[in-house]
Structure formats: structure tokens, C-alpha cells
Amino acid sequence: MKKLFPSYVRVPLIFAFVFGALEYFIDSGDRPAFIKFPMVALFLVVFLFLLVAIEIVVSAVDRVTYHMLTDEQRKQLEEAQSVSFADSKWVQNLMKKMTRSKSIEQEADVMLDHDYDGIKELDNVLPPWWVNLFYATIIFGVIYLVRFHVMDEYTQAQEYDQEVAAANIEIEKNKLNSPKEEITFDKVTLLTDAESLAKGKEIYTNACAACHKADGGGIVGPNLTDDHWINGGGIKNVFKLIAEGSKNNPTMVGWAKTLGTKEVQKVASYVLSLQGTKPAGAKAAEGEKWVEEAAPSTDAATVTDSTKVAVK
Ligand code: HEC
């Protein structure tokens with residue numbers, strides 16, 4: 001019989017199977033078992049080494065025996081090896097056992113004497129694979145009946161409740177691991193601590209500087225360092241615009257999904273910390289001048305749009 005797989009398929013296949021089994025059965029938390037437990041990695045290396053060694057030894061033995069065979073025996077061996085897997089004796093026997101089908105020559109033995117316009121009927125036995133499957137379902141049915149209808153072990157409703165309870169525990173655990181407080185428009189405040197501003201600056205440099213320039217002077221996007229705002233100034237408006245993007249200009253996309261609202265708060269605070277820095281080569285001011293409501297301007301004349309001030 002031909003070998004089912006060549007060795008360069010067999011070795012990786014066996015190795016992958018053992019590797020998968022180890023990862024499945026060893027509880028190693030969030031990291032793969034072979035990283036968390038060095039012994040597992042060691043075992044895998046030794047196992048792979050042995051697999052390859054066995055293959056080499058077996059094929060060497062094969063080659064040596066082949067040389068010792070007589071011509072007659074070699075011919076027999078080659079004949080045996082030329083038979084494919086499906087034609088092999090073992091598979092043929094198995095098929096016969098599972099189906100108990102009669103060969104065409106023996107059909108006369110099971111022929112019934114019914115004859116419908118020349119269509120004849122054979123009285124074959126039921127194929128054992130099917131009959132055994134049928135018996136298995138009966139056994140399954142009896143066990144099921146006794147467990148759930150006689151002994152009332154548990155109901156589907158209880159099973160459901162248990163799973164929901166287990167899932168709720170998982171949810172609580174996840175909440176503890178990553179306290180993900182969302183910042184909203186109403187809650188957002190200007191951050192002034194150095195750590196938050198440093199984080200904000202880092203995000204700004206990576207994500208925003210391409211359009212707003214590293215110093216905030218503006219390129220594609222407007223100047224962020226002056227006191228004029230297209231979409232309204234102050235932490236709330238700036239936060240909202242960075243989180244949701246600009247409705248006037250789709251080039252400025254919303255960042256809440258990518259960064260998370262906490263990070264948007266930091267970068268918004270950083271942007272506002274650039275106010276009045278007057279970088280060289282900055283773009284001209286765009287939009288309306290913004291005056292904080294909380295700090296009323298002493299110079300009323302600078303308020304160009306009084307409605308903007310009131311509407312926050
Ligand atoms: C692809 C280019 C681009 C990127 C990247 C970009 N912006 Fe903008 N941004 C713009 C444009 C264009 C506008 C003008 C929107 C408008 O006219 O409403 C704008 C507007 C703004 C405004 C409002 C300005 C005003 O006057 O109302 C703020 C604040 C802002 N961006 C902050 C950021 C921050 C923070 C980032 C990084 C997280 C960022 N932008 C990334 C292009 C960009």
C-alpha cells in the first residue's frame with residue numbers, strides 16, 4: 001500500500017496536532033502555554049526532534065532492507081506499494097463490514113421473486129453502519145429520558161439561567177480589568193496636569209500634526225493656536241469636534257472610535273494649551289472669535305458674535 005502522507009506532511013501534521021492539544025488543555029490565561037511555561041516549549045522542541053529522528057531512522061531502515069531484498073521480493077514490494085489507500089485490503093474489508101453489500105455475482109442469492117415490469121427487488125440486509133447508528137440513538141434516547149424526565153436533573157430554563165449568571169460574572173470581571181469610563185460632552189473638563197497634556201501632545205504629534213502642523217499653526221486644517229474657532233471654542237466644543245468630526249468638512253474625521261473619549265479629552269486639552277502661542281508661519285485665523293462664558297471679557301467690543309458665546 002502507498003503511504004498515506006509523505007513524511008514532510010506527516011511530521012508537521014503530528015506536531016501541529018500535539019501543539020494544538022497542549023494549548024487547548026493547558027490553562028495558561030491570556031498568553032500561549034509555550035510562552036508562559038518554558039517546560040512546554042522545551043517539551044515541544046524535544047518532541048519535534050524525536051519526530052524527525054524517528055522519520056529519519058525509519059526511512060534509513062527501509063532503504064537498508066530494500067537493498068537486502070532479492071529481485072523477486074522487490075517486485076512484490078513495489079506492487080504492494082503501488083496500490084492506493086482506497087484500494088487497499090484494509091479499506092476494502094472495512095467497507096465490506098460496514099455495508100455487508102453483496103457483490104453483483106451473488107445478487108441471485110438475495111433476489112426476491114417480485115417482478116414489477118422487469119424491475120427486480122433485492123432483499124439486502126440493512127447496512128451495519130446505519131443499524132448501529134440507529135441503536136445508538138435509541139440508547140441516547142433512553143438515557144435522556146431517564147435523566148431529564150424521570151430524575152429531573154435540570155431543565156433547559158435552569159441551564160439558561162446558569163449560563164447567563166456565568167456570563168454576567170465574566171462581564172463584571174472585564175469591567176474590573178479595564179475601567180472604561182466614557183467622557184461625554186456634558187462631563188468633559190479641561191485637563192491641566194502635565195501627564196495628561198504630555199499624553200495629549202503625543203497623540204497630537206502622531207495623529208493630528210499632519211494636518212494642523214506640529215505647532216498647531218495649521219496646514220490643511222485650520223490654525224488651532226488663535227482664539228478664532230470655526231466650530232466654537234472652549235473645551236466642550238473642541239472635545240465634541242475632535243470626538244465626532246466636523247460636519248462642515250469631512251476631512252476632519254471623528255476620533256472617539258479610534259482613540260477613545262478619554263484620549264480625546266487629553267488631546268483636546270493639549271490643543272487648548274496651544275492658545276496664544278503664535279507660532280511662526282501660522283495660517284490666518286478662521287471662524288469666529290471665541291470668548292469663554294465663565295470669564296466674561298472686559299472688552300465687549302471684541303465679542304464679534306454674541307450668540308456663539310451664549311450657546312455652548
Ligand atoms: C486629514 C487632516 C486632518 C487631521 C488628521 C486632523 N484634522 Fe483637525 N481639522 C481638519 C480640517 C480640514 C478642519 C476644519 C474643519 C471645519 O472646517 O469644520 C479641522 C478642524 C479641527 C478643529 C476645529 C478647528 C476650528 O476652528 O473649529 C480641531 C479642534 C481639530 N481639527 C483638532 C484635531 C485633532 C486634535 C486632530 C488629531 C486627533 C486632528 N484635528 C486631525 C483636518 C484634520
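## A tour from valine 267 outward

Valine 267 is found in helix H12, where helices (H or I, at least four residues) and strands (E, at least two) are DSSP runs numbered from the N terminus. Before going further, note that this is a predicted model: local features need pLDDT of at least 70, side-chain atom pairs count only at pLDDT 80 or more, and totals for chains, interfaces and linings use all residues. Residues are numbered from 1 along each chain as its sequence is written.

Is valine 267 buried or exposed? Valine 267 is buried, because 27 other C-beta atoms lie within 10 Å; a residue counts as buried with 20 or more other C-beta atoms within 10 Å of its own, as exposed with 12 or fewer, and as partly exposed in between, with C-beta atoms placed from the backbone. Leaving aside residues up to four places away in sequence, valine 267 touches Gly200, Ile203, Tyr204 and Ile242; contact here means C-beta atoms, placed from the backbone, within 7 Å. Asparagine 248 is 19 residues from valine 267 along the chain, and their C-alpha atoms are separated by 21 Å.

**Helix H12 and the ligand**

H12 is mostly covered, with 11 of its 13 residues buried. Among them are Thr261, Glu263, Lys266, Tyr270 and Leu272. The cover over these buried residues includes H9, H10 and helix H11 (256-259).

Which residues come nearest to the ligand? They are Cys208, Cys211, Gly221, Ser246 and Met252, out of 26 around the ligand; a residue is near if its C-beta atom, placed from the backbone, lies within 6 Å. Helix H9 (194-212), helix H10 (234-244) and helix H12 (261-273) are the elements giving two or more residues to this shell. H9 provides the largest share, six residues. Sorted by class, the shell holds 17 nonpolar, eight polar and one charged residues; Ala, Val, Leu, Ile, Met, Phe, Trp, Tyr, Cys and Pro count as nonpolar, Asp, Glu, Lys and Arg as charged, and the others, Gly among them, as polar.

**Annotated spans**

In the unreviewed UniProt entry, "domain: Cytochrome c" covers residues 195-275, and "transmembrane region" covers residues 6-25, 37-61 and 129-146. UniProt positions follow the numbering used here, feature names are shortened, and annotations may be inferred rather than shown by experiment.

| Residues | Helix | Strand | End C-alpha separation |
|---|---|---|---|
| 37-61 | 96% | 0% | 37 Å |
| 129-146 | 100% | 0% | 26 Å |
| 195-275 | 57% | 2% | 19 Å |

**Two helices outside the ligand shell list**

Helix H7 (residues 128-150) has 23 residues, which should span 33 Å at 1.5 Å a residue, and its end C-alpha atoms are 31 Å apart, which agrees; the expected span is 1.5 Å times one less than the number of residues. The number of buried residues in H7 is zero, so it lies largely in the open. Just after H7, aspartate 152 takes a positive phi of about 50°.

Glutamine 92 has its place in helix H5 (residues 89-99). Glutamine 92 is exposed, because 11 other C-beta atoms lie within 10 Å. Its C-alpha atom and that of valine 52, 40 residues apart along the chain, are separated by 32 Å.

**The overall layout**

The chain is divided into domain 1 (7-87), domain 2 (128-176) and domain 3 (194-294), with bounds from an automatic or database domain assignment. The C-alpha centres of domain 1 and domain 3 lie 61 Å apart.

Note on methods:
Contact = placed C-beta atoms within 7 Å.
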